[in-house]
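User: I have a structure open and would like to go through it piece by piece. Can we start with the pockets?

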Amino acid sequence: MSLIIGDNVVVSIHYTLTDSSGEVLDSSEGSDPLNYLHGAGNIIPGLERALVGKAVGSNLEVVVAPEDGYGEVHEDLLQEVPMAAFQGVDDIEPGMAFEAQDQEGNARRVVVRSVSDDTVVVDANHPLAGVELNFAVEVVDIRDASEEEIAHGHVH
Ligand code: ZN
């Protein structure tokens with residue numbers, strides 16, 4: 001019996017992700033397929049939902065709105081910090097990425113949005129927040145997950 005995609009199967013997909021202007025943001029082309037445990041939230045919700053019921057050999061194009069992808073842009077994740085916090089960095093320019101620590105001490109990637117004489121505005125939103133995502137996906141393999149994989153919530 002051939003498997004279709006549903007909870008507790010391990011799925012291998014090749015995918016190409018483009019934004020609405022057609023620019024390629026990410027792709028598995030030329031490397032191993034992405035393996036994920038279906039139903040465990042390993043991939044973004046909009047893509048996981050579109051894969052339900054598909055079989056090996058299925059090709060699909062999925063448009064994922066921000067709320068089913070990496071979320072909307074949250075203005076409260078923009079923060080103005082003093083230039084002094086960037087001691088040792090010579091030229092701070094918009095677009096530069098830094099690792100910062102949030103209040104709980106977790107590492108968080110922030111991107112410089114704007115720079116003035118004594119302050120820098122950094123953005124802790126996910127780089128794909130607010131972006132409509134277009135996936136071209138091919139299902140290349142499906143297998144039953146092991147009990148251990150199901151218990152852990154990820155592929156081994
Ligand atoms: Zn594990």
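Analyst: Yes. This is a predicted model. In the second largest pocket, β1 (9-18) and β2 (24-27) each supply at least two residues of the lining.

User: What is the volume of that second largest pocket?

Analyst: The second largest pocket has a volume of about 210 Å³.

User: And which residues line it?

Analyst: The lining of the second largest pocket includes Tyr-15, Leu-17, Leu-25, Asp-26, Ile-43, Tyr-70 and Phe-135. By class, its lining residues are 10 nonpolar, 1 polar and 1 charged.

User: OK, now the largest pocket. What is its volume?

Analyst: About 450 Å³. It is lined by 18 residues, and those closest to the centre are Gln-79, Ala-100, Gln-101, Val-110 and Val-122.

User: Which strands supply at least two residues each to that lining?

Analyst: Strands β5, β6 and β7 (107-115) do. The most comes from β6, with 4 residues.

User: How does the lining of the largest pocket divide by class?

Analyst: There are 10 nonpolar, 3 polar and 5 charged residues in the lining of the largest pocket.

User: Changing topic: how many aromatic pairs are there?

Analyst: A search of the whole structure gives 1 aromatic pair. The ring centres of Phe-86 and Phe-98 are 5.0 Å apart, with the planes at 70°.

User: Why is that pair called edge-to-face?

Analyst: Because the planes of Phe-86 and Phe-98 are at 70°, and an angle over 60 degrees counts as edge-to-face.

User: Where do the two rings sit in the chain?

Analyst: Phe-86 is in the loop between β5 (78-82) and β6 (97-101), while Phe-98 is in strand β6. The two residues are 12 apart, and the pair links distant parts of the chain.

User: Is Phe-86 buried or exposed?

Analyst: Phe-86 counts as buried, because its relative accessibility is 10% and buried means under 20%.

User: Last topic, the zinc ion. Which residues are its protein donors?

Analyst: His-152 binds through ND1, and His-154 and His-156 through NE2. These donors lie 2.0 to 2.2 Å from the zinc ion.

User: How are the donor residues spaced in sequence?

Analyst: The spacing is H-x1-H-x1-H.

User: What about accessibility for His-152 and His-154?

Analyst: His-152 has a relative accessible area of 44% and is partly exposed. His-154, at 35% relative accessibility, also counts as partly exposed. Both get that label because partly exposed is the range between under 20%, which is buried, and over 50%, which is exposed.

Key. Residues numbered from 1 in each chain as written. Predicted model: local features only at pLDDT ≥ 70, side-chain atom pairs only at ≥ 80, totals over all residues. Heavy atoms only, no water. Phe/Tyr/Trp six-rings, centres within 6.5 Å; stacked < 30°, edge-to-face > 60°. Buried < 20%, exposed > 50% of the residue type's maximum accessible area, 1.4 Å probe, protein only. Donors = N, O, S within 2.8 Å, 3.2 Å for Na, K, Ca; no water. 1 Å grid on protein atoms, 1.4 Å probe; cavity = no way out; pocket = protein on both sides within 12 Å on 5 of 7 lines; lining within 4 Å. Points joined across faces, edges and corners; volume = space filled by probe spheres on them. Nonpolar A, V, L, I, M, F, W, Y, C, P; charged D, E, K, R; others polar.
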